[in-house]
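Got a few minutes and a structure viewer open? Work through the exercises below, trying each task before you read its solution.

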Amino acid sequence: MDIRYDCRQFKGTVPCKPHKKHNVECSLKCKFYEPTQGNLLFIKLGAMGDVIRTTPLLYRIKEEYPNHKIFWLTYFEDVLPDIIDVPLDYSLESLTYLKSLNFDFGINLDKEPEACALMEQLSIDKKNGFGLKQGMPAPINELAEHKFKTGISDSYSKANTQHYLQEIFSICGWDYNGEEYILPDGKSNAIIESIEKDKIYIGLNTGCGERWTSRRWPDGNWAGLIIKLQDNGFNVLLLGGKSEDLLNKELSKKTGAKYYGYFPFNEFISLVNKCDVIVSTVTMVMHVAIGLKKSLVLLNNIFNSNEFYFFNDSIILEPERECECYYRPICINEISCIAEVTAEQVFTAIKNLQKK
């Protein structure tokens, strides 16, 4: 063998995919040999939805650096698309490995101290995003100043008119030109295949995650919406993860709405893809729906609505009064203002999207 360490397919610890699939040996003559000319690094640790909505940058990366190997460090490897050559979990093993490499270009879009510290420690020729200043998270250059200020000043954040994709492209010195999310391939199973194809399904993501409970729509509102939808001939699929399992089981028992449990991420993509319209607060499911170009009814109270960008007709519903808990994980009031968005309003929004 003439081992090609620079090949994009080369793994080093196990046989490469072409070897297993086509029985080829490593050499210059291998028709799958794809030489790389350097390394690029993404640091976007979390949250899961934020990792998904960062993937449009990969289109531009591939244009600017077509022959480079792409590394991505994250807490959520499962949501990364196959275009990533080296997905890495945030671990001692991964950090040890990264410190032995040189990167031509590195982007850190996290303002957490551990992510910023890595930008200072790793060998990266050109850096964008966030690093450290006097031991605290800071913009590496002027390109990241706008996004940095939105995270430390509520007044600056509320005045922001850019959506997230414009912001992260600007951090890299690029214009946003409509690049879409890149999701990993969905994977079906017997349960998902059993869902009838000729019916209209409305997917309801009933959770809000465990951190940002201030955005949780009340259980009674969900129940009222389900009944309203079913009374008008719509089929309802309840969506969520482990945190929403108990609630979804209770709603299913109370209303008869379909609930099939929670699934690994690739299968969950396929389940969401069965739905015609998705109703969600600002969660990972919202980003999966956007990535699948689903029409979305988004329930929002604590974030600037200018942050969101959709690839299909969608509607944002918010309380009439300004939320007192802007970017607060826990509501300071006895009842969150998101409760003021009624089931009737959501139902009307779903009908309007169905007409388009």
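The exercises that follow use a predicted model.

**Exercise 1. A helix pair**

Task: Work out how H10 packs against H14, and say which residues make the contact.

Solution: Start by finding the two helices: H10 covers residues 219–231 and H14 covers residues 343–355. Their axes lie 9 Å apart, and the packing angle is about 45 degrees. Oblique angles are those left over once you take out under 35, over 145 and 65 to 115 degrees, so H10 is oblique to H14. As for handedness, the crossing of H10 past H14 is right-handed.

Now pick out the residues. From H10 come Asn221, Gly224, Leu225, Lys228 and Leu229, while H14 supplies Ala343, Glu344, Val346, Phe347 and Ile350. Sort them by class and the contact has six nonpolar, two polar and two charged residues.

**Exercise 2. Inside or outside?**

Task: Decide whether H13 is largely enclosed by the rest of the structure, or largely open, and find what covers its buried residues.

Solution: You need one cut-off here: a residue is buried when its relative accessible area is under 20%. H13 spans residues 284–291, and seven of its eight residues are buried, so the helix is largely enclosed by the rest of the structure. The buried ones are Val285, Met286, His287, Val288, Ala289, Ile290 and Gly291.

Next, look at the cover. It includes helices H2 (48–52) and H12 (265–272). Strands contribute too, among them S7 (201–205), S8 (235–239), S9 (277–280) and S10 (295–299).

**Exercise 3. Reading a sheet**

Task: Lay out the order of the six-stranded sheet and find the strands at its edges.

Solution: Walk across the open sheet and you get S3-S2-S1-S4-S5-S6, with mixed pairing. The edges are S3 (86–89) and S6 (136–139); each has a single partner strand, so one side of each has no neighbour in the sheet. On average, neighbouring strands are turned by 30 degrees against each other, direction ignored.

Take the S3 edge. S2 (residues 69–74) pairs with S3 in the parallel sense over four bridges, and Leu73 has Leu88 as its bridge partner in S3.

Then add the helix on the sheet. H5 (residues 113–121) packs there, touching S1 (39–43), S2, S4 (102–108), S5 (123–133) and S6. The direction of H5 makes about 145 degrees with that of S5.

Finish at the S6 edge. S5 and S6 pair in the antiparallel sense, over four bridges, and Phe130 sits opposite Pro139 in S6. The two strands make a hairpin with two residues between them, and Gln134 in that turn has a positive phi of about 55 degrees.

**Exercise 4. Backbone oddities**

Task: Check the loops for a cis peptide bond and for positive phi values outside glycine, at Asn23 and Lys293.

Solution: First, the cis bond. The peptide bond from Gly46 to Ala47 is cis, with omega near -5 degrees. Ala47 belongs to the loop between S1 and H2.

Second, Asn23. Though not a glycine, Asn23 has a positive phi of about 60 degrees. Look for Asn23 in the loop between H1 (17–22) and S1. Its relative accessible area is 61%, so Asn23 is exposed.

Third, Lys293. This residue isn't a glycine either, yet its phi is positive at about 60 degrees. Lys293 lies in the loop between H13 and S10. With a relative accessible area of 38%, Lys293 is partly exposed.

How values were computed
Residues are numbered from 1 along each chain as its sequence is written. This is a predicted model: local features need pLDDT of at least 70, side-chain atom pairs count only at pLDDT 80 or more; totals for chains, interfaces and linings use all residues. Side-chain values use heavy atoms; hydrogens and water are left out. Axes are lines fitted to C-alpha atoms, for helices over the stretch in contact, and angles run from 0 to 180 degrees between N-to-C directions. A crossing is left-handed if the near helix is turned anticlockwise from the far one by less than a right angle, and right-handed if clockwise. Contact means heavy atoms within 4.5 Å. Ala, Val, Leu, Ile, Met, Phe, Trp, Tyr, Cys and Pro count as nonpolar, Asp, Glu, Lys and Arg as charged, and the others, Gly among them, as polar. Buried means under 20% relative accessible area, exposed over 50%, partly exposed in between (1.4 Å probe, protein chains only). Two strands pair if DSSP finds at least two bridges between them.
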